[in-house]
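Here is a short tour of one protein chain. Keep the sequence and the 3D view side by side as you read.

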Amino acid sequence: DLVVRPRPADLHAWLFETDAPQREAFTVYDVETMAPPEWFDTKGDPIFAALRDELRCVGFCKADGQLSVVVPFLSVDGKTRLYPSNEERQIVGILGEWFEDERFVKVGHNASN
């Protein structure tokens, strides 16, 4: 199953689920970014830089593989924000809290320690 654009309360409930099997397992995440238009090479390919690029979305899936969640921030048009600003602030806070919480094992695609 796939949930796209969860409400803040639903994202928090899912990420911070307290069922013992989930807590003892791991959550996989992947971050997708978009290079700004001025950052393309001479062939027209984007030059990605994680600390500079626009965050498009973050995807999650727990170890059991039963449900994936996609948190989209920026549309593929590169301009449209997909959450109202108050919800986006809540989502960013929830993600920050979860990523910093050492109780949860996180496995990042192309992530480093």
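## Surface and overall build

The protein exposes about 7,400 Å², and carbon and sulfur atoms supply 53% of that area. Keep in mind that this is a predicted model. Along its principal axes, the C-alpha trace spans about 50 × 30 × 25 Å. The chain has 113 residues, and 29% of them count as buried.

The secondary structure comes to three helices and five strands. Read from the N terminus, the elements run β-α-α-β-β-β-α-β. Take the contacts between residues at least 6 apart in sequence: 58% of these join residues at least 24 apart.

## The sheet

In what order do the five strands lie in the sheet? The order is β1-β4-β3-β2-β5. The sheet is open, and its pairing is mixed. Strands β1 and β5 (105–108) stand at the edges. Each has a single partner strand, so one side of each is left without a neighbour in the sheet. From one strand to the next, the twist averages 20 degrees.

## Pair by pair

Strands of a sheet pair through backbone hydrogen bonds, either parallel or antiparallel. Start with β1. Strand β1 (residues 2–4) pairs with strand β4 (residues 68–72) in the parallel sense, over three bridges. Here valine 4 stands opposite valine 70 of β4.

Next comes β4 with β3. Strand β3 (residues 54–62) runs antiparallel to β4, and five bridges join them. Valine 58 stands opposite valine 71 in β4. β3 and β4 form a hairpin with five residues between them. In the turn, glycine 65 has a positive phi of about 70 degrees.

Then move to β2. Strand β2 (residues 26–34) pairs with β3 in the antiparallel sense, over eight bridges. Tyrosine 29 has phenylalanine 60 in β3 as its bridge partner.

## Helices across the sheet

Which strands does helix α1 lie across? Helix α1 (residues 8–15) lies across β2, β3 and β4. It runs at about 45 degrees to β3.

Helix α3 (residues 85–100) lies across β2, β3, β4 and β5. Its angle to β3 is about 55 degrees.

## Two neighbours in β2

Phenylalanine 26 is found in strand β2, and threonine 27 lies in β2 too. Is each one buried, partly exposed or exposed? Phenylalanine 26 has a relative accessible area of 34%, so it is partly exposed. Threonine 27 has a relative accessible area of 6%. The cut-off for buried is under 20%, so threonine 27 counts as buried. In a regular strand the side chains alternate between the two faces of the sheet.

What does threonine 27 touch, not counting residues up to four places away in sequence? Its contacts are Trp14, Phe60, Cys61, Lys62, Trp98, Val105, Lys106 and Val107.

## A nonpolar patch

Phe26 also helps to make a nonpolar surface patch. The other members are Val28, Val105 and Val107. Together they make a patch of about 280 Å². Strands β2 and β5 each supply at least two residues of it.

How values were computed
Residues are numbered from 1 along each chain as its sequence is written. This is a predicted model: local features need pLDDT of at least 70, side-chain atom pairs count only at pLDDT 80 or more; totals for chains, interfaces and linings use all residues. Side-chain values use heavy atoms; hydrogens and water are left out. Two strands pair if DSSP finds at least two bridges between them. Helices (H or I, at least four residues) and strands (E, at least two) are DSSP runs, numbered from the N terminus. Axes are lines fitted to C-alpha atoms, for helices over the stretch in contact, and angles run from 0 to 180 degrees between N-to-C directions. Contact means heavy atoms within 4.5 Å. Patches are made of residues with over 30% relative accessible area and no salt bridge: like charges are joined within 9 Å, nonpolar side chains (Val, Leu, Ile, Met, Phe, Trp, Tyr) within 5 Å. Accessible areas come from the Shrake-Rupley method with a 1.4 Å probe; for residues, only the protein chains shown count as cover. A salt bridge is a side-chain nitrogen of Lys or Arg within 4 Å of a carboxyl oxygen of Asp or Glu. Buried means under 20% relative accessible area, exposed over 50%, partly exposed in between (1.4 Å probe, protein chains only).
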